[in-house]
Amino acid sequence: MLQKPVIGIPCDVKMIGHFPFHAVGDKYVAAAAGGAGGVPILIPSLGDEDQIRALLQLVDGLLLPGSPSNVEPAHYQGEPSRAGTLHDPARDATTLPLIRLALEEGVPLLGICRGFQEINVALGGELYQHVQEEDGKMDHREPNTDDLEQMYGPAHELAITPDGWLHGWTGKTQVRINSIHQQGIKRLAESLVAEGYASDGLIEAYRVEGARAFAFAVQWHPEWKYWENTLSQAIFKAFGDACRERRMRRESSLTR
Ligand SMILES: N[C@@H](CCC(=O)NCCCC(=O)O)C(=O)O
């Protein structure tokens, strides 16, 4: 019988008390298990290429989660961040090579929020650091509240491109999505194809064109209460299916 696919989730490195911890938000872990039907494992952000290569042999898919920290602008030749910006150099040093190697190896990838920004940077694209300060752009940051329902509630429209994967999975061309970010895509990497836009023209979803396996990312948070939202369910189902396919291939090559 086919085992459930193993879904690796790279960690943030954050201080808890006096010590750095490798950590991932519970909603990403829950969506990898419940939404995609996988067995989630957390990938420590060690920034070591040998470890990354070895890890890729153990997983059937990668979920790149959101995080309050920003990708360091040096990775996309951006201006240095403003004082007080939260970074996570250990995560950058892990996810950026991990993404490139995963694409080489045909490991399915789903990027969410910071993960969406990371894939663009890993493949040579650029980010805005403060979308709300760009001419004609909206404020994509979350409302100033501790009420999570409000924070992760629908915030703006998403126009879905008619010929993309998102449209194929859902049949929809217009939905409402949540929005909890201030970095955003300034220049899309060459190998990425936009699949959805906010009404100010900001790219909110893309696929990796010509990838060996599923490689897709969104700027919003489908993991938030994914079971209540048909668009979110469709994204995790498509990712889970790709992970199951890789699992099947891995199992048959292991028993040969
Ligand atoms: N810092 C970046 C990335 C935003 C992001 O991933 N937010 C998620 C926050 C917490 C969570 O829900 O996991 C930006 O501001 O663009």
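In this predicted model, tyrosine 197 has isoleucine 203 of β12 as its bridge partner. This pair is a handy place to begin a walk through the sheet. Strand β11 (residues 192-197) and strand β12 (residues 203-208) run antiparallel and are joined by five bridges. Together, β11 and β12 make a hairpin with five residues between them, and in the turn glycine 201 shows a positive phi of about 90°. Strand β11 also pairs with strand β8 (residues 156-160), again antiparallel, through two bridges. Here isoleucine 160 finds its bridge partner in glycine 196 of β11.

These strands belong to an open sheet of nine strands with mixed pairing, in the order β4-β1-β5-β6-β13-β12-β11-β8-β9. The edges are taken by β4 (39-43) and β9 (174-177); each has a single partner strand, so one side of each is left without a neighbour in the sheet. On average, and with direction ignored, neighbouring strands of the sheet are turned by 25° against each other. At the β4 edge, strand β1 (residues 6-10) pairs with β4 in the parallel sense over five bridges. Within this pairing, isoleucine 9 is matched with leucine 42 of β4.

Helices pack on this framework as well. Helix α1 (residues 26-35) touches β1, β4 and β5 (61-64), and its direction makes about 165° with that of β1. Helix α4 (residues 114-122) lies across β5, β6 (109-112), β11 and β13 (215-218), running at about 115° to β6.

Turning to the interior, the largest nonpolar core holds 57 residues, of which Leu62, Leu63, Leu109 and Phe239 touch the most other members. Helix α7 (residues 230-255) gives the most to this core, contributing seven residues. In soluble globular proteins, nonpolar side chains tend to be buried together. Leucine 62 offers a closer look at the packing: leaving aside neighbours within four places in sequence, this residue is in contact with Gly8, Leu98, Ala102, Val107 and Leu109. One of these contacts, Leu109, is itself among the core residues that touch the most other members.

The ligand site rounds off the picture. The ligand is surrounded by 13 residues, and the closest are Gly66, Cys113, Arg114, His181 and Gln183. Sorted by class, this shell is made up of three nonpolar, nine polar and one charged residues.

Note on methods
Residues numbered from 1 in each chain as written. Predicted model: local features only at pLDDT ≥ 70, side-chain atom pairs only at ≥ 80, totals over all residues. Core = buried A, V, L, I, M, F, W, Y, C linked by C-beta atoms within 7 Å. Buried ≥ 20, exposed ≤ 12 C-beta atoms within 10 Å, placed from the backbone. Helix = DSSP H or I, 4+ residues; strand = E, 2+ residues; numbered from the N terminus. Contact = placed C-beta atoms within 7 Å. Near = placed C-beta within 6 Å. Nonpolar A, V, L, I, M, F, W, Y, C, P; charged D, E, K, R; others polar. Pairing = 2+ DSSP bridges. Axes fitted to C-alpha atoms, helices over the stretch in contact; angles between N-to-C directions.
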